[in-house]
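Colleague: Got a minute to walk me through this one? I'd like to start with one of the loops.

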Amino acid sequence: MSDLKLAGGWQWGLWGLVLCVLCTWCLGAPSPSPSPAASPGSKLRFRLAGFPRKHYEGRVEIQRAGEWGTICDDDFTLQAAHVLCRELGFTEATGWAHSAKYGPGTGRIWLDNLNCRGTERSVSECSSRGWGNSDCTHDEDAGVVCKDQRLPGFSDSNIIEVEEQHLQVEEVRLKSAVGGGRRPLPVTEGLVEVRLPGGWAQVCDQGWSAHNSRVICGMLGFPSERRVNAAFYRLLAQRQRHSFGLHGVACMGTEAHLSLCPLEFYHGNDTARCPGGAPAVVSCVPGSLYATANGQRKKQSSAQPRGEPRLRLKGGARPGEGRVEVLKGGEWGTVCDHKWDLQSASVLCRELGFGSAREALSGARMGQGMGPIHLSEVRCSGREASLWNCPHKNITAEDCSHAQDAAVRCNLPYTGVEATETWYWDSGNVTELVLSGVRCTGSELSLGECAHHGTHIACKRTGTRFAAGVICSETASDLILHSALVQETAYIEDRPLHMLYCAAEENCLSRSARSANWPYGHRRLLRFSSQIHNLGRADFRPKAGRHSWVWHECHGHYHSMDIFTHYDILTPNGTKVAEGHKASFCLEDTECQEDVSKRYECANFGEQGITVGCWDLYRHDIDCQWIDITDVKPGNYILQVVINPNFEVAESDFTNNAMKCNCKYDGHRIWVHNCHIGDAFSEEANRRFERYPGQANNQIV
């Protein structure tokens, strides 16, 4: 028997070997998971390259087997940037760049589809397609931005500092050449000065072109340039002394930064600088947001395209940054980040009245949008007047997701008002309050542009206890209601009064319920579900801490916000005929996107909130998730839901907090249709919605 067992074991071992070979032959060799380690004789070396950049940022280059190469940005993440920054001797990464932000490299592309957890000791421990296996071009070279803090005791034997063949232009400004005293900001015309390692210097105007001026204006936050009185400035130059540091500038006009243009620097031993020339002078045209003088505003407005804008930025912390959204077919949608780069982003920024792009952002860095994704693979040359003039690909559902929404940060003019810092102060030394009744829309550049009380200050003599203050933040939440779910779940219920005592205590019924014959009779309720997504860049948290939440004995839960949503039934002319409200009795993460973990749960007096990438679901069958329409007459109406109606919690965008639907009520049934977020459609489409005459029958199409 033992011989039989041995023989059987030998035979099965042989068959197992044959099967293994067959499987390998049929299926092919498995793709490598971790990147194969470098051979013992080929130690990896790293460096940061490209320009413009600071010493802690740049294009990542790796030397393997004596050959320098780059990393493709496909699937690149902040976790990979952390690993690479530690390889470079820094403590961690603060960001990363795609699409060759620091310029395209040369040679091999060593790594593609790099996937790191962030905890690896070396990039060779991360998974990838394998060393030298890539389908990318150098237009997709990845870069990193490291925290400017070195690892303690780090040995830099594997770090190579790039020996730049030229100096770098770190900053550009316009210096006004005429007039004394304080000039209005922003400065739109003056001598071009560049900041070099040795200080500020002027640029020789020999060979200077309108293309050069366009690049300068873009860097300074202006969409376009205009001609200057060259004779006047040359006459002025003869009376002044100059310090030239740069000459031979030859931009094409499509560059996002002067350092990307061919140029030459003067060196210390150059005795004759700019012979027969003068300092370069540039005059820029400000966008409508920054055109303060009447003449400028009139000229700028006449240059703007007529009709409604077809581009906008959403979710940013300041003007000139945000998620890119485009208007197509009367509906706003996003742009996929495939091939998104500084060239295309600069065309967008200039079209919106800003300068060239400072950053082209991918991976929904400014939050995810909702609705359609209209464009993908936008490829601008930089000369186009509109993003719509650039070659692009119409999107399909399989091509992209909102996790890949493109975003941008544009160059802005310097106005003397800096945002990014919060100040706390003792108001005991404040002698006067100068403003009251301030009401801003959020798009103003200063409080002086907001509506406010006139000469009468409401709290002028009440002391400083009513002095306003702020806490500033780079990020905020952004709540959006899933409008399609409202439309799908709306229905009418006649609910007996004896089941509504708790709801009555929370004021969830109309006023006429107070005079009803309790507990007999019923109330007619329009029920629907609310699914509220946080698509911003920070968690949505109640304004009040747990210590001040109110316990509701009847329902057995805490209220973290008294009013979280308003529900209204409006006539087509906007008259309110029924209303409801919802307190946030359980603000939590009901569900989240695939790669996001839940953080907030109401059970056991837990923390309440909505995590970025998650949503809170109020089902149609819970108390107060309704509007009491008992007193509403048959007719055509508008159903309106507004989230965070009192602006108690900061959001990056309040224009998308309202949802509206058309509805027809015949006294017994209700039809809800055409539900949409308030800013999802064009102005013309919204006007058609507001003029909605109602349905002649119940055939909703």
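Modeller: Sure, take Asn656, which sits in the loop between β32 and β33 (strands are DSSP E runs of at least two residues, helices H or I runs of at least four, numbered from the N terminus). Bear in mind that this is a predicted model, where local features need pLDDT of at least 70, side-chain atom pairs count only at pLDDT 80 or more, and totals for chains, interfaces and linings use all residues. Residues are numbered from 1 along each chain as its sequence is written, and side-chain values use heavy atoms, with hydrogens and water left out.

Colleague: Is Asn656 buried or exposed?

Modeller: Asn656 counts as buried because its relative accessibility is 3% (buried is under 20% relative accessible area, exposed over 50%, partly exposed in between, with a 1.4 Å probe and protein chains only).

Colleague: What does Asn656 touch, beyond residues up to four places away in sequence?

Modeller: Asp478, Leu479, Ile480, Ile677 and Asp679, with contact meaning heavy atoms within 4.5 Å.

Colleague: OK, switching to helices. Why is α6 largely enclosed?

Modeller: Helix α6 covers residues 342-351, and 8 of its 10 residues are buried, so the rest of the structure largely encloses it. Among the buried ones are Leu342, Val347 and Arg350.

Colleague: And what covers those buried residues of α6?

Modeller: The cover includes α3 (210-219), β10 (224-226), β14 (311-315), β15 (321-328), β17 (357-361) and β20 (407-410).

Colleague: Which residue just after α6 has a positive phi?

Modeller: That's Gly353, with phi at about 95°.
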